[in-house]
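Trainee: I have just opened a new entry and would welcome a guided look. Could you take me through it?

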Amino acid sequence: MPKKSFEDKYPNIAQWVYEHQGIIEIGNDPDGPLTSFVRAIDMGGMPWEGEDEYESLDDALLDLEAGVQEYLRKIYGE
């Protein structure tokens, strides 16, 4: 079975990075000011940040995918 590309599995994250020119951050610094494990950032700031912890990286990316999708719909009405 062929593997799906990142863009196929996470189309909203791909749109965020390629078309919206947004940034995603993965990981956290326990001593830093941000505790979320995954974040979406653009020129306007940080419109979405995830939970502090996830059971897996895939869970974090799925949450990011849903959060970015909701935000992109607010911006572009898609």
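Mentor: We shall discuss the salt bridges, then the sheet and the helix that lies across it. This is a predicted model, in which local features need pLDDT of at least 70 and side-chain atom pairs count only at pLDDT 80 or more, while totals for chains, interfaces and linings use all residues. Residues are numbered from 1 along each chain as its sequence is written, and side-chain values use heavy atoms, with hydrogens and water left out.

Trainee: How many salt bridges are found in the whole structure?

Mentor: The search finds three. A salt bridge here is a side-chain nitrogen of Lys or Arg within 4 Å of a carboxyl oxygen of Asp or Glu.

Trainee: Which residue does Asp 58 meet in a salt bridge?

Mentor: Its partner is Lys 9, at 3.2 Å from N to O. Asp 58 belongs to helix α3 (residues 57-76) and Lys 9 to helix α1 (residues 6-9), so the pair ties together parts 49 residues apart in sequence. Helices (H or I, at least four residues) and strands (E, at least two) are DSSP runs, numbered from the N terminus.

Trainee: And what does Glu 25 form with Arg 39?

Mentor: Those two form a salt bridge, with the closest N and O atoms 2.9 Å apart. Glu 25 lies in strand β1 (residues 23-26) and Arg 39 in strand β2 (residues 38-42), so this pair ties together parts that are 14 residues apart in sequence.

Trainee: Is Arg 39 buried or exposed?

Mentor: Arg 39 counts as buried, at 6% relative accessibility. Glu 25 is partly exposed, at 31%. Buried means under 20% relative accessible area, exposed over 50%, and partly exposed in between (1.4 Å probe, protein chains only).

Trainee: What about Glu 70 and Lys 74?

Mentor: Their side chains meet in a salt bridge of 3.9 Å, N to O. The two residues are four apart in helix α3, a separation of about one helical turn. Lys 74 is exposed, at 62% relative accessibility.

Trainee: Changing topic, in what order do the strands form the sheet?

Mentor: The open sheet has three strands in the order β1-β2-β3, with antiparallel pairing. The edge strands, β1 and β3 (45-49), each pair on one side only. Two strands pair if DSSP finds at least two bridges between them; four bridges join β1 to β2.

Trainee: Which residue stands opposite Ile 24?

Mentor: That is Ala 40, in β2.

Trainee: Where does α3 lie?

Mentor: Helix α3 lies across β1, β2 and β3, running at about 30 degrees to β2. Contact means heavy atoms within 4.5 Å. Axes are lines fitted to C-alpha atoms, for helices over the stretch in contact, and angles run from 0 to 180 degrees between N-to-C directions.
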